[in-house]
Amino acid sequence: MERSIETQVSQAVDAWLRWLPRWQPATHKGRVAPCRRCFGSPVLSAAGIGSDVPHGVQHGLSTRVKTIVDHAVAEYTSRNLPMLQTELDQQASRNRARSYRPAEGLEPEFEGLPLDPDPVPGAPFLFTISGLADEADADVPALPPLNDEAKAALRQEVSLADDYANMVGREVCAILLHHRLRIQAAIGQYVEPQITAMLEELTRSLDAPFDPNAEPG
């Protein structure tokens with residue numbers, strides 16, 4: 001029996017709560033560009049996760065919830081939108097033919113993130129993960145072109161799928177409101193103490209930039 005959206009959201013929050021105690025602040029340089037999945041996300045707003053919460057914490061929940069919406073839209077498409085379903089099946093078959101698929105099979109905390117770090121001016125990469133993936137993609141034949149009539153019909157079905165996704169998204173956000181308290185309690189228990197400790201360490205470093213016990217040279 002298909003699980004209800006409410007059950008799926010509850011299970012997604014449960015999974016995120018089980019993962020959260022393992023979260024640790026990133027020690028590497030952060031990315032300049034905001035995450036398109038998390039920046040201004042109504043899902044995170046409904047969950048009560050503000051912009052001051054570290055992105056890794058946000059991304060783990062937003063990705064799990066996005067999977068619920070994607071699954072619902074996929075079910076709707078398979079039942080009601082035959083042309084879009086055919087197009088998706090062809091694209092999926094093409095993707096499976098690629099010899100290198102680094103963005104697949106990732107944990108929710110990493111899904112949808114850039115494959116490569118931000119470039120450093122004057123220090124080009126010898127190669128990039130995304131570049132290797134593009135090379136593998138170029139070796140696979142393109143999908144057959146559509147005529148104008150087919151394109152118009154496909155655009156109509158894509159619009160219907162988007163409308164359904166928006167409807168499911170609103171339902172998911174309404175359900176997340178009921179999980180706000182335990183989400184915020186978990187952030188207070190596992191995330192905020194680590195951020196406080198980092199700020200305290202930074203304050204100590206700024207107050208005492210040199211070893212006070214060192215002999216003057």
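L81 touches Y76, E157, L160 and A161, leaving out residues up to four places away in sequence. This residue is found in the loop between α3 and α4. The model is predicted. L81 has a relative accessibility of 3% and therefore counts as buried, the cut-off being under 20%. L81 and I195 lie 114 residues apart in sequence. In space, their C-alpha atoms are 47 Å apart.

Confidence was examined next. The protein averages a pLDDT of 87. A score of at least 70 is reached by 91% of the residues. Among the elements, α1 has the highest mean pLDDT, at 97. The lowest mean, 82, belongs to helix α5, residues 129-138. Where pLDDT is low, predicted coordinates should not be read in detail.

The largest nonpolar core has 39 residues. W16, I49 and V172 have the most contacts inside this core. At least two core residues come from each of α1 (5-19), α2 (42-47), α3, α6 (148-176) and α7 (180-207). In soluble globular proteins, nonpolar side chains tend to be buried together. With residues up to four places away in sequence set aside, W16 touches I49, V57, G60, L61, R64, I183 and I187. One of these partners, I49, is itself among the core residues with the most contacts.

V9 is placed in helix α1. Its relative accessibility is 0%, so V9 counts as buried. Beyond four places in sequence, V9 touches I68, V172, I175, L176 and H179. V172, one of these partners, is also among the residues with the most contacts in the largest nonpolar core. V9 and V65 are 56 residues apart in sequence. Their C-alpha atoms are 6.7 Å apart in space.

Two residues of helix α3 were then considered. R64 is found in this helix. R64 carries a charged side chain, yet counts as buried at 14% relative accessibility. The limit for burial is under 20%, which is why R64 at 14% falls on the buried side. Leaving aside neighbours within four places in sequence, R64 is in contact with A12, A15, W16, W19, P108 and E109. The R64 contact with W16 also appears in the list of partners of W16. R64 and I183 are 119 residues apart along the chain. Their C-alpha atoms are separated by 14 Å. I183 is also one of the residues that W16 touches.

T77 is likewise found in helix α3. Its relative accessible area is 1%, so T77 is buried. Outside the window of four places in sequence, T77 touches P82, L84, Q85, L88 and A161. A161 is also touched by L81.

V140 is found in the loop between α5 and α6. Its relative accessible area is 10%, so V140 is buried. With neighbours within four places in sequence left aside, V140 is in contact with R94, A97 and R98. V140 and T67 are 73 residues apart in sequence. The C-alpha to C-alpha separation of this pair is 27 Å.

Empty space was also surveyed. Rolling a probe the size of a water molecule over the atoms shows where such space is left. The second largest pocket has a volume of about 660 Å³. Its lining comprises 23 residues. Of these, K66, D70, A92, N95 and E104 lie nearest the centre of the pocket. The helices α3 (55-80) and α4 (82-96) each supply at least two lining residues. The most comes from α4, with six residues. By class, the lining divides into ten nonpolar, five polar and eight charged residues.

Helix α3 thus recurs across these results. This helix holds R64 and T77. It supplies at least two residues of the largest nonpolar core, and at least two of the lining of the second largest pocket.

Terms used. Residues numbered from 1 in each chain as written. Predicted model: local features only at pLDDT ≥ 70, side-chain atom pairs only at ≥ 80, totals over all residues. Heavy atoms only, no water. 1 Å grid on protein atoms, 1.4 Å probe; cavity = no way out; pocket = protein on both sides within 12 Å on 5 of 7 lines; lining within 4 Å. Points joined across faces, edges and corners; volume = space filled by probe spheres on them. Helix = DSSP H or I, 4+ residues; strand = E, 2+ residues; numbered from the N terminus. Core = buried A, V, L, I, M, F, W, Y, C linked by side-chain atoms within 4.5 Å. Buried < 20%, exposed > 50% of the residue type's maximum accessible area, 1.4 Å probe, protein only. Contact = heavy atoms within 4.5 Å. pLDDT = per-residue confidence, 0-100.
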